[in-house]
Amino acid sequence: PGYNRFRSVTFSIVMILFAIPLLGMLGLEKICSREWSADELKKGILWPALGVIGVCALLALIGGFGDYLRPGDLQLPAWFRQALVEDRIALLKSDAWRTFWLISLLFVALFLFLKGWIREWMFIGGLWILIGIDVLGVASRFITDDSYQRRRDNYSLEMTPAEKQVSRDTTSFRVYAEYDGHPSYFFRSTGGYSGARLGRYQELIDSCLRPEFESLVEQYGRTGRLFQPERRVLSMLNVKYFISGGGRDEYFKNDYANGPAWFVKKIEKVQSANEELARIRKVDTRSTAVIDVSKVKLEDNLEQPDSLATIFLRRFDLPYIKYESDSRTPGLAVFSEIHYPKGWHAFIDGKEVPILRADYVLRALEVPAGRHVIEFRFEPLPYTIGNKVTFASSWIVLLIVGGSLGWSLRRRK
């Protein structure tokens, strides 16, 4: 249960990696406690061990079976294919001999222990040595001497000329680059790859962002200008720059981006998510908020907002965002941040308030009249509580293991 939530079902192999050592430990416990009879030991250990040793010896001697080539390897030069096959056979033989000697030594140690010729602590000690040799031998293939260097040469991305031009802007904004995640390394972006992207946001990309961008490209190429009605959703997401390539001039600016937050003058109420998604492409998102009232309950005193109300971003440091607002009347503030109720909490002057969803994917708050400090904090309850439970559980497990070892040693004495 739960493994169907992974991006790839191959991640479920971790269950095998957990089950095999667990079964081995359970079997070792039965051996050390001598719960198995001689016939059970022969059937459960002797014959399987001899079978595995025989297979390893056979592979080590003959080098396995097959031609050791993949379909793509047939296009390689003959001399290269031959060297490749020889390397692969050598790797197989090396691992076969390694497995042969490890299992043979373990089998000998187990035989001596069951015969009573060595003590239990000697058998366990020898087992730990073999495990150490096995683990270190495999680990050394992936963790080499280069892994322990104090200074490592890390790959770093460099800005393209277009990105250098955009970086001169010190305000808060996002960029849009179709099918290119490179700008996401330097700027807040509406794109970039994410294996955990919200389905609602993906729907917004497919139905609004891409059509708007394609329309903008066509319009800009035809007239050399951008018109405000053509980018309502992109402006709602505070997209100020569109990057179309790496060249110095391969970007264009959106002067009508909504900014990080704003007070709306009008609230348009709809009855479903489909209506909400359709309407945000037709309204001025800077002055109008589209809200699905079947999911969100609004106060009645928000229909006469202050036309001079202001709201400014003061700090953006995930997982913490801070704004300051000033309004003579209560109003609805929309924030150009994705609505995600399973972790984000909003506070006005230190008091927690509910986060509403507006414009299909954005956050909104009912802000009372006056000057206020608005804060968003990402504090998912499962994570914060889970950390505490994990910490406490780790100490409990250590205490249980330590107590069990102490109790076992005391009983033997």
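**Close-up views of a predicted model**

**View 1. Helix α2 has the span that its length predicts.** The 25 residues of α2 should cover 36 Å at 1.5 Å a residue, and the end C-alpha atoms lie 34 Å apart, so the two values agree. (Expected span is 1.5 Å times one less than the number of residues; helices are DSSP runs of H or I with at least four residues, strands are runs of E with at least two, both numbered from the N terminus.) The model is predicted, so local features need pLDDT of at least 70 and side-chain atom pairs pLDDT 80 or more, while totals for chains, interfaces and linings use all residues. Residues are numbered from 1 along each chain as its sequence is written, and side-chain values use heavy atoms, without hydrogens or water.

**View 2. Helix α2 is kinked at Leu46.** The kink is about 25° and comes shortly before the proline Pro48. (A bend is the angle between axes fitted to the seven residues ending at a residue and the seven starting there.) Leu46 has a relative accessible area of 22% and is therefore partly exposed. (Buried is under 20%, exposed over 50%, partly exposed in between, with a 1.4 Å probe and protein chains only.) Buried residues of α2 are Leu41, Ile45, Ala49, Ile53, Cys56, Ala57 and Ala60. From Leu46 to Val233 the C-alpha distance is 70 Å, with the two positions 187 residues apart in sequence numbering.

**View 3. Helices α2 and α3 pack against each other.** α2 covers residues 38-62, and α3 covers residues 78-114. Their axes are 8 Å apart and meet at an angle of about 155°. (Axes are lines fitted to C-alpha atoms, for helices over the stretch in contact; angles between N-to-C directions run from 0 to 180 degrees.) The pair is therefore roughly antiparallel. (Roughly parallel is under 35 degrees, roughly antiparallel over 145, roughly perpendicular 65 to 115, and the rest oblique.) The contact of α2 with α3 holds 20 nonpolar residues, two polar and one charged. (Nonpolar: Ala, Val, Leu, Ile, Met, Phe, Trp, Tyr, Cys and Pro; charged: Asp, Glu, Lys and Arg; polar: the others, Gly among them.)

**View 4. Helix α6 bends at Ile205.** The kink there is about 40°. α6 has 25 residues, numbers 199-223. From first C-alpha to last, α6 reaches 35 Å, close to the 36 Å expected at 1.5 Å a residue. Ile205 is itself one of the buried residues of α6. The others are Tyr201, Leu204, Cys208, Leu209, Glu212, Phe213, Leu216 and Gln219.

**View 5. Asn258 sits in a loop between strands β3 and β4.** β3 spans 251-253 and β4 spans 261-263. With a relative accessible area of 5%, Asn258 is buried. Ser235 is 23 residues away in sequence, yet the two C-alpha atoms are 5.3 Å apart.

**View 6. Ile291 belongs to strand β6.** The strand covers residues 288-292. Ile291 counts as buried because its relative accessibility is 0%. Its C-alpha atom is 9.7 Å from that of Arg279, 12 residues away along the chain.

**View 7. Leu318 and Pro319 are joined by a cis peptide bond.** Omega is about 10°. Pro319 lies in the loop between β7 (310-317) and β8 (320-327). Most peptide bonds are trans, and most residues other than glycine have a negative phi.

**View 8. Asp349 and Tyr360 have positive phi values.** Neither residue is a glycine. Phi is about 55° at Asp349 and near 75° at Tyr360. Asp349 is in the loop between β10 (344-348) and β11 (351-353). Tyr360 is in the loop between β12 (356-358) and β13 (362-367). Asp349 is partly exposed at 47% relative accessibility, whereas Tyr360 is buried at 4%.
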